[in-house]
Amino acid sequence: MADPMRIRVAARDGMVNVRVLMSHEMETGQRKDGAGNLVPAHYIRNVTATHQGKTVLSAQWGPAVAKNPFLEFSFKGGQKGDKVVVTWEDNKGEKRSDEATIN
Amino acid sequence: MKSETYFIAGLAALASIAAGCASMSDQEAAEKALQIMKASFKERGQAKLDRLDQDEAQKLCSNPPSVTLPKDVAERIEKANLASIKYPADGKLMGDWKLGERIAQTGVGKQFSDDPKQPSGANCYACHQISKAEISFGTIGPSLYNYGKLRGASEPIQRYTYGRIYNSQAFTACSNMPRFGHNGILTEQQMKDVTALLLDPASPVNR
Amino acid sequence: MKPPSISTLLAASGAAAALFAAAQVHPQSAVDEIAKYRQQLQDGNPAELWEARGEGLWKQKRGPKNASLEQCNLGKGPGVVKGAYAELPRHFADADRVMDLETRLVHCMVTIQGMKPEDATKRTFGSGSNRSDIEALTAWITSESKGVVMNVALRHAKEKEAYKLGEKIFYFRGGPHDFACATCHGESGKRIRLQDLPNLTEKAGAQLGYTTWPAYRVSQGELRTFQWRLYDCFRQQRFPELIFGSEASIALTAFLARNANGAAFNAPAIKR
């Protein structure tokens, strides 16, 4: 079970600002270990964020994104108390979903 | 990490610190610090515990800047280190500056994480500006840009430069610069290459 | 599909690479630009992931005694975590020795949770999925001192002695490179390559240097503690391996932490 994300959601100037810190190795698949073997690729492929069930962000990531990625984005139309859910899925099929409330 | 090592370090410390009194003299502090150093390290890779044995220069140079070394002590250190310099038997002091630049850029060598079979670098750029093109340089030592252009490459200058690289404390007691020849960090050929980097008119240092 | 407005800040390492391409760039402006880049990384510091894990480990019942660390005394009373790091290292009567945070944590893991010392120190520095509990605990406990003014006392005779010994060790020159801590950290305004070096023998430098550890080290992708910082300095000084929680490490920490007194603690931070 992957580590939880840390999500901060704040309503600011008519926009909702979301900041997410994800825990993930984001291994590119290009590195070699001490013995000279390729470390297998393990990185987040898709990120989806929903507000009250409606998609507000959809992202396709790859090995260029750094380890323990930090994502920040904004969207319109959210109110205090609304739920924002962030989900990621990686190339091994592992998934993680966390939610936060707009404050 | 062995539990015995942790415990022994702890017990030895308890025993020795319990014996200490309220205020130590400087000499006592120095002796105790040495004791503690030896008990606080373990060998790993090529780094054995004998690396904590200080030679004369290291012992005398382990002071805060508030302690100025007496002139005769400084001279003694310089004289002893000057005597240690071994110049190349073939009399040639300059090698290939291109190899010298690589040696100046390389920071590995002698760490317990380094492969002892691989050659060491001198890591000159860590502390010095050398060529103009390389902006990633440190400032612990003076700039060496135009080193040869300013001095020429006469025989005495070559000897001084090679000697400086071999053993910086031959000229400046307690110098911060590692003694690359004296402590076996660089080979004779490597030191010739670095000398060339500094003195060869074709080297980017002098253009 | 029209993408929503996104301002995405990714902690990718490519940003600074472009700076070195231009041969005309002045070294100081490169240093300044790197500092700006590091400032941008402060938000979303992955150290928070270690802090969250550490808080969980502090409260979780573990070890042969199936106890949590919530009664561990870090110097301000059992279970008092807020502000504790700003007063460490200090003398602890129950062990009758000066301890830094990490040695005190091991002490509590052994005495309260019943762990064997070798189990408590099995992994002091983490690597990827091989995690260090001490690093996580340190991350959380130090975060509870963020903003607190450094206040290391030198009351007990052993605290005074630790400081004096730490100072001696700071100037100890040794190894094949003749390096001491002071070689790099004994003068103001110096740098190695493009990394500015704090002068740890003066108040301003010691404050800057000490109050920003532990830190998330981007180049390693790991949260690194002060014990790690000392261990890695000695590795680069060409010394043998510094033993975790050794007397030398505690004495040096006492010397440097005390020198940092008066500044607000500012970690866990983020570094290159």
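# A tour of chains A, B and C

Start by selecting Pro89(C), which is found in the loop between α2 (47–59) and β1 (90–92) of chain C. Helices (H or I, at least four residues) and strands (E, at least two) are DSSP runs, numbered from the N terminus. Residues are numbered from 1 along each chain as its sequence is written, while chains are lettered from A and ligands numbered from 1 in the order in which they are written. This is a predicted model, in which local features need pLDDT of at least 70, side-chain atom pairs count only at pLDDT 80 or more, and totals for chains, interfaces and linings use all residues.

**Stop 1: two cis peptide bonds in chain C**

Show the backbone at Pro89(C): the peptide bond that leads into it from Leu88(C) is cis, with omega near 0 degrees. Next select Pro214(C), in the loop between α8 (203–210) and β5 of chain C. The bond from Trp213(C) to Pro214(C) is also cis, and its omega is near 10 degrees.

**Stop 2: the sheet after Pro214(C)**

Move on to strand β5 (residues 215–217) of chain C, which pairs with β8(C) in the parallel sense over three bridges. Two strands count as paired if DSSP finds at least two bridges between them. Strands of a sheet pair through backbone hydrogen bonds, either parallel or antiparallel. Select Arg217(C) and look across to β8(C), where Lys271(C) stands opposite.

Now add β6 to the selection. The three strands form an open sheet in the order β6-β5-β8 (chain C), with mixed pairing. Because β6 (222–224) and β8 (269–271) of chain C each have a single partner strand, they stand at the edges and one side of each is left without a neighbour in the sheet. From one strand to the next, the twist averages 35 degrees.

**Stop 3: Arg238(C)**

Select Arg238(C), in the loop between α9 (226–236) and β7 (241–242) of chain C. Its phi is positive, near 70 degrees, in a residue other than glycine. Is Arg238(C) buried or exposed? Arg238(C) counts as buried because it has 24 C-beta neighbours inside 10 Å. The cut-offs are 20 or more other C-beta atoms within 10 Å of a residue's own for buried, 12 or fewer for exposed, and partly exposed in between, with C-beta atoms placed from the backbone.

**Stop 4: chain B**

Colour chain B by secondary structure. Chain B has eight helices and one strand, in the pattern α-α-β-α-α-α-α-α-α along the sequence. Of its 207 residues, 40% count as buried. Among the contacts in chain B with a separation of 6 or more, 61% come from residues 24 or more positions apart. A contact here means that two C-beta atoms, placed from the backbone, lie within 7 Å.

**Stop 5: helix α2 of chain B against chain C**

Which of the two pairs of chains in contact shares the most contacts? That pair is chains B and C.

Select helix α2 (residues 26–39) of chain B together with helix α6 (residues 157–170) of chain C; their axes come within 9 Å and cross at roughly 75 degrees. This crossing makes α2(B) roughly perpendicular to α6(C). Axes are lines fitted to C-alpha atoms, for helices over the stretch in contact, and angles run from 0 to 180 degrees between N-to-C directions. Angles under 35 degrees count as roughly parallel, over 145 as roughly antiparallel, 65 to 115 as roughly perpendicular and the rest as oblique. Residues to show as sticks include Ala33(B), Ile36(B) and Met37(B) on α2(B), and Leu165(C) and Ile169(C) on α6(C). The residues of the contact of α2(B) with α6(C) comprise seven nonpolar, no polar and three charged. Ala, Val, Leu, Ile, Met, Phe, Trp, Tyr, Cys and Pro count as nonpolar, Asp, Glu, Lys and Arg as charged, and the others, Gly among them, as polar.

Keep α2(B) and add helix α10 (residues 247–259) of chain C: these axes come within 7 Å and cross at roughly 125 degrees. That angle makes α2(B) oblique to α10(C). Here Ile36(B), Met37(B) and Ala39(B) meet Glu247(C), Ala248(C) and Ala251(C). By class, this contact has five nonpolar, no polar and one charged residues.

**Stop 6: the hairpin of chain A**

Finish on chain A, which has no contact with chain B; the closest C-alpha atoms of chain A and chain B lie 12 Å apart. Select strand β3 (residues 44–51) and strand β4 (residues 54–60) of chain A, which run antiparallel and are joined by six bridges. Thr48(A) has Ser58(A) in β4(A) as its bridge partner.

Two residues lie between the strands of this hairpin, where Gln52(A) takes a positive phi near 50 degrees, although Gln52(A) is not a glycine. With 12 C-beta neighbours inside 10 Å, Gln52(A) counts as exposed.
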